[in-house]
Every structure is written in C-alpha cells, then in structure tokens.
Amino acid sequence: RKRVLSGIQPSGKLTLGNYIGAMKNYVALQEEAECFYMIVDLHAITVAQEPAALREQTESVAALFVAAGVDPKQASIFVQSHVPAHAELGWMMTTLSYMGELERMTQFKDKSEGKDAVGAGLFVYPSLMAADILLYKADLVPVGDDQKQHLELTRDLAGRFNHRFGDTLVVPEPFIPKVGARIMSLDDASKKMSKSSPNAGSFIALLDSPDDIRKKISRAKTDLGREVVYDPREKPEISNLLSIYSNCSGESIAEIQARYEGQGYGAFKKDLAERVVETLEPLQRKYAEIRASGAIHDILRDGAERANAVAEQTLREAKEAMGFLLPR
Ligand code: TYM
C-alpha cells in the first residue's frame with residue numbers, strides 16, 4: 001500500500017481553499033493508501049500565536065478533518081507536536097538545507113516581506129516540512145498548488161540525504177487537484193484565498209453560516225461582460241468561481257458553462273452560493289457533533305500512537321545513517 005502524509009496549520013479559520021485544494025483529496029486517498037494527516041502546530045508557531053487560540057484551533061482543525069470525511073479508523077489523524085521525531089528530523093534536515101534554496105522559497109518571501117523582525121523559524125519552515133513527509137516515507141503528498149515548491153525542496157533533501165548517507169528516505173510526489181489546486185480570493189483573483197486575509201469577505205471559512213456564504217458570493221468580484229465562461233486569463237474572477245462550482249457540485253466546467261449560457265452572472269452566482277452551502281452544511285453539522293462529543297482527544301491519541309511507531313523507526317534509520325551513536 002502507498003503511504004500518504006499531509007498537514008494543515010492550525011492558524012486562523014480553514015477556508016474553502018484548504019478544503020478543495022487538500023482535504024477533499026485526504027478523503028479520496030484514504031481507502032487505497034495508508035494515510036497520515038496532521039495538524040502542524042510546530043509550523044504554526046513560526047509566526048506569533050496566542051496560546052489559548054492555538055490550542056483551540058488545533059482541536060478545531062482535527063474535528064474539521066473528521067467532519068470533512070476523514071475516517072479516523074482508516075487514516076491516522078494526529079498533532080505534529082505529539083510526535084517528537086518531527087522536531088528531531090526537522091533539525092537534521094535544516095543542517096542539510098542551503099541558505100540559498102531557503103531564500104528562494106516564495107512562501108518565505110511573502111511572509112517576511114516588509115517585516116523588520118522575521119523569525120528564524122519562518123526561514124527553516126520548509127526543512128521541517130521535509131522532515132514531516134520523509135518520516136513517513138510518504139509516496140504521495142496531497143496539497144494545493146502553493147506547496148509545490150516546498151515539495152520540490154523535500155525531494156531535493158531526500159535525494160541529498162540518500163546520496164550522502166545511503167538509501168534511507170523515499171522521494172515523495174505531490175498530489176495536486178486538476179481543478180481547484182489554487183482557489184483565489186473572492187475580492188481579487190490574482191491572490192490565493194487565504195485564512196490569514198484581513199478581509200473576511202475575501203474567503204469562505206468552512207464554518208461560515210449559510211447567510212454569510214450567500215452574502216460573500218453575491219459580493220464576489222466579477223469580470224467585465226456577462227458571459228459565464230472559463231478563461232483564467234481574460235476572466236480570472238469568473239473562472240475562479242467556476243472552479244469552486246465544479247468542485248462543490250461535482251460537474252465539469254463545460255457542463256456548468258453550458259447551463260448558464262446567456263444567463264449572466266446573477267443567476268450563476270445565486271446557484272453557486274447554494275452549491276457551496278450544500279457542500280458545507282453536512283460538514284458543519286458533523287463538526288458540531290464531534291466537538292460536542294469530546295471524541296477528538298481519543299482520535300488524536302490513537303493517531304499519535306500510530307504515527308509515532310512509523311516516525312520513530314525512520315528517525316532511528318536516519319540517525320544511524322548519519323553516524324549518530326545510538327544508545328545501547
Ligand atoms: P496550509 O496550512 O497553508 O494549507 C493547508 C493546505 O491547503 C492548501 N491550500 C489551498 N489549496 C487551494 N487553494 C487555496 N487557496 C489554498 N490555500 C491553502 C495548501 O496547499 C495545503 O495543502 N506548509 C503547509 C503545511 C504542512 C504540510 C506538511 C503539508 C506542514 N507540513 C507536510 C503537507 C505535508 C501549509 O502551510 O499549508
């Protein structure tokens with residue numbers, strides 16, 4: 001069976017972008033592969049987090065995984081800091097990473113731009129992410145388009161490790177959706193939809209109420225003209241809404257385009273809002289159930305136990321290969 005590993009940061013509210021770009025594929029892969037899905041709290045602290053909020057968000061994201069359809073019996077859901085091997089292999093990967101390659105990471109450039117105090121953790125963030133993936137010898141990593149560059153670095157680091165110390169780690173492949181790999185902001189299709197945006201109207205949070213969703217979609221920016229056609233260059237705003245529609249309804253872009261031919265943006269947006277509401281309502285209902293049941297702690301304990309077993313084994317192999325004296 002193939003191995004799958006992925007993670008989401010517990011910072012801010014998860015958005016429809018996280019769902020379409022990553023979580024939908026978590027669910028799609030869980031039957032055929034051995035899956036590990038984690039909440040990356042060690043990554044979240046690379047920018048300042050309020051302790052109470054971090055704790056709450058960590059639990060919330062775990063519940064959202066389950067609510068989105070990840071089955072804790074099939075897949076292991078765990079918190080990164082519950083598996084100490086991440087920090088250890090993360091350090092080892094940091095020592096193998098070059099300043100130059102980390103400086104080229106666009107996520108680092110975006111997050112550090114214009115700031116006068118940039119935390120060192122933000123810089124070595126991709127080395128820790130590489131360790132996350134390599135610890136599980138993952139074959140596939142379901143992510144959105146924005147993580148492609150980090151995956152490239154992970155592949156380089158795995159290759160570098162194997163070249164220097166002998167074949168130990170597996171070189172992973174990204175698993176990126178064909179439609180929806182990059183869901184854009186509702187107020188500006190040149191920016192990706194992001195949970196950290198200061199404008200709440202620019203993203204749909206997974207826990208937004210149906211009325212908020214309708215409001216946000218009716219206010220979403222559109223392009224000149226009135227034809228609902230998929231053309232990311234000439235009609236970036238409508239194209240983004242079309243990929244959201246396609247992901248929520250399961251229909252192809254061509255089918256949707258044909259339905260709204262000659263109808264203009266208004267009818268399309270109204271229906272789109274309903275497709276999004278229909279997608280998120282069952283998820284929200286399940287989320288409320290799980291939070292109320294308190295079951296998440298057991299799920300995370302089981303998940304961490306399974307994750308630790310795999311991660312500790314790989315860490316031992318990597319330490320031995322690098323020349324660490326193992327305790328006897
Ligand atoms: P994060 O927490 O920013 O996002 C979680 C996942 O959601 C995807 N995503 C999107 N997909 C489509 N459209 C969008 N607008 C959008 N916004 C976010 C992301 O691509 C990601 O798959 N570095 C990672 C977390 C991480 C990780 C890992 C991922 C840490 N270790 C190991 C995979 C494997 C991150 O910041 O994701």
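Lysine 13 lies in the loop between β1 and α1, and this residue is a convenient place to start a tour of the model. Helices (H or I, at least four residues) and strands (E, at least two) are DSSP runs, numbered from the N terminus. The structure is a predicted model, in which local features need pLDDT of at least 70, side-chain atom pairs count only at pLDDT 80 or more, and totals for chains, interfaces and linings use all residues. Residues are numbered from 1 along each chain as its sequence is written.

With 18 C-beta neighbours inside 10 Å, lysine 13 counts as partly exposed; a residue is buried if 20 or more other C-beta atoms lie within 10 Å of its own, exposed if 12 or fewer, and partly exposed in between, with C-beta atoms placed from the backbone. Once neighbours within four places in sequence are set aside, lysine 13 is in contact with Lys195, Ala205 and Leu207. Contact here requires that the C-beta atoms of two residues, placed from the backbone, lie within 7 Å. Lysine 13 and glutamine 57 are 44 residues apart in sequence, yet their C-alpha atoms are 7.8 Å apart in space.

UniProt, in an unreviewed entry, places the short sequence motif "'HIGH' region" at residues 10-18. UniProt positions are given in the numbering used here, feature names are shortened, and annotations may be inferred rather than shown by experiment. In the model, residues 10-18 are 33% helix and 0% strand, with the end C-alpha atoms 12 Å apart.

Attention now turns to the ligand. The shell around it holds 26 residues, of which Gln9, Gly17, Gly21, Val143 and Gly144 come nearest; a residue is near a molecule or strand if its C-beta atom, placed from the backbone, lies within 6 Å of it. At least two residues of this shell come from each of β1 (2-8), α1 (16-29) and α7 (120-134), and α1 gives the largest share, five residues. By class, the shell has 12 nonpolar, 10 polar and four charged residues. Ala, Val, Leu, Ile, Met, Phe, Trp, Tyr, Cys and Pro count as nonpolar, Asp, Glu, Lys and Arg as charged, and the others, Gly among them, as polar.

The domain assignment divides the chain into domain 1 (2-180 + 294-322) and domain 2 (184-288), with bounds that come from an automatic or database domain assignment. Taken over C-alpha atoms, the domain centres are 28 Å apart. Contacts join 16 residues of domain 1 to 18 residues of domain 2. On the domain 1 side, α1 and α3 (51-67) each supply at least two of the touching residues, and the largest share, four residues, comes from α1. This side has nine nonpolar, five polar and two charged residues.

Among the strands, β1 and β2 pair in the parallel sense over seven bridges, where pairing requires that DSSP finds at least two bridges between two strands. Leucine 5 has phenylalanine 36 of β2 as its bridge partner. Strand β2 (residues 33-39) is largely enclosed by the rest of the structure, because six of its seven residues are buried. Strands β6 (residues 184-185) and β7 (residues 188-192) pair in the antiparallel sense over two bridges, forming a hairpin with two residues between them. In this hairpin, serine 185 has aspartate 188 of β7 as its bridge partner.

One last backbone detail concerns lysine 137, in the loop between α7 and β4 (140-142). Its phi is near 50°, a positive value in a residue other than glycine. Lysine 137 is partly exposed, with 19 other C-beta atoms within 10 Å.
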